[in-house]
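Hi,

Here is the structure I promised to pass on, with my notes on what turned up in it. Have a look at the model, then read on below.

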Amino acid sequence: PKMVILSTGNVGIGTDAPDAAIEVQSNAGSTYAAIIDQDHTDGYGLLVRTDGTSSSSALLVKDASNNNLFRVQQDGDVGIGTDAPDTPLHVQDTVAGGGVYITIENADDTSSESEFSAIQAKNRGERNAGEIRFGKASSYSSDANADSNMGFYTAKDNTNTLAMLIDEDGNVEFTGDLIMADGKGIDFSA
């Protein structure tokens, strides 16, 4: 059937036995089962609203084997590869003998030395709380000189400033004093 409306009110498109208020099934290759297309410049895409508990799903995407790929819970926690995200972003994968990666990519391909990708923290709304920047060590002209550095920034007076830099050779540069846990410092100026 192309479309059915059951006595329960469930609507089926491509199925005669819908299990939900709206169920769309498609067996066509190289296409989507459903497309939501809003062409107006002031229009919106898709609104999902629910009144479930904090651990229930507001939005759930599964693969053909019924494994969770992407989940947004009622409390706003987002899970990728996990059934139970317990932080605002929880990424899980099973990689034997390897690691799980989260990629943050600045895809600009100009030769500017100021490009970087970063993880930034905020506190109490918009107050800066530090960041980790992954940046260029020099202008890239080829993969052979695609050197990068990693900078650790701390916040003072709501401004993130460089505290430590690890360059492409593994050298570490501190912008402040290096103070040990016992309060004693190390003088590297010799």
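Ser30 is exposed, because its relative accessible area of 87% is over the 50% cut-off. Please keep in mind from here on that this is a predicted model. Ser30 sits in the loop between strand E3 (22-24) and E4. Its backbone is worth a look too: phi of Ser30 is near 60 degrees, a positive value in a residue other than glycine. As background, most residues other than glycine have a negative phi.

Asn158 is another residue of this kind, with a positive phi near 65 degrees although it is not glycine. You will find Asn158 in the loop between strand E10 (148-156) and strand E11 (159-166). Is Asn158 buried or partly exposed? With a relative accessibility of 42%, Asn158 counts as partly exposed, because that class lies between the 20% and 50% limits.

Now to the sheet that follows the loop of Ser30.

Four strands make up an open sheet in the order E4-E5-E6-E7, and their pairing is mixed. Strand E4 (57-62) and strand E7 (89-91) are the edges, each pairing on one side only. On average, neighbouring strands of this sheet are turned by 10 degrees against each other, with direction ignored.

Starting from the E4 edge, E4 pairs with strand E5 (residues 68-73) in the antiparallel sense, over five bridges. Ser57 stands opposite Gln73 of E5, and Lys62 has Asn68 as its bridge partner in E5. The two strands form a hairpin with five residues between them, and Asn66 in the turn has a positive phi of about 70 degrees.

E5 in turn pairs with strand E6 (residues 78-80), again antiparallel, over three bridges. Here Phe70 stands opposite Ile80 in E6. E5 and E6 also form a hairpin, with four residues between the strands, and in it Gly76 takes a positive phi near 95 degrees.

Which side chains does Asn68 contact? Asn68 belongs to strand E5. Its side chain makes a polar contact of 3.0 Å with the side chain of Lys62, which is also its bridge partner. A polar contact of 2.7 Å joins the side chains of Asn68 and Asp83. Asn68 counts as buried, because its relative accessibility of 9% is under 20%.

Strand E4 also contributes to the surface. Ile36, Leu46, Val48, Leu59, Val61 and Leu69 form a nonpolar patch there, with about 510 Å² of accessible area together. One of these residues, Val61, is found in strand E4. With a relative accessible area of 36%, Val61 is partly exposed, and it can belong to the patch because membership asks for over 30%.

Further along the chain there is another run of paired strands.

Strand E9 (residues 127-136) and E10 pair in the antiparallel sense over six bridges, and E10 and E11 do so over seven bridges. Met150 of E10 links the two pairings: Phe134 stands opposite Met150, and Met150 also stands opposite Ile166 in E11. The hairpin of E10 and E11 has two residues between the strands, and Asp157 in this hairpin takes a positive phi near 55 degrees. The loop between E10 and E11 is also where Asn158 lies, as described above.

Last, the charged side chains. How many salt bridges are there? The count comes to one salt bridge. Glu131 forms it with Arg133, and the closest N and O atoms are 2.5 Å apart. That pair qualifies because the distance of 2.5 Å is within the 4 Å limit. How do the two partners differ in their exposure to the surface? Glu131 counts as buried, because its relative accessibility of 7% is under 20%. Arg133 counts as partly exposed, because its 23% relative accessibility falls between 20% and 50%.

Happy to talk any of this through whenever it suits you.

Best wishes

Conventions: Residues numbered from 1 in each chain as written. Predicted model: local features only at pLDDT ≥ 70, side-chain atom pairs only at ≥ 80, totals over all residues. Heavy atoms only, no water. Pairing = 2+ DSSP bridges. Axes fitted to C-alpha atoms, helices over the stretch in contact; angles between N-to-C directions. Patch = residues over 30% accessible without salt bridge, like charges linked within 9 Å, V, L, I, M, F, W, Y side chains within 5 Å. Areas by Shrake-Rupley, 256 points an atom, 1.4 Å probe, with all protein chains shown as cover. Buried < 20%, exposed > 50% of the residue type's maximum accessible area, 1.4 Å probe, protein only. Polar contact = N/O pair within 3.5 Å; in protein donor to acceptor, adjacent residues only side chain to side chain.
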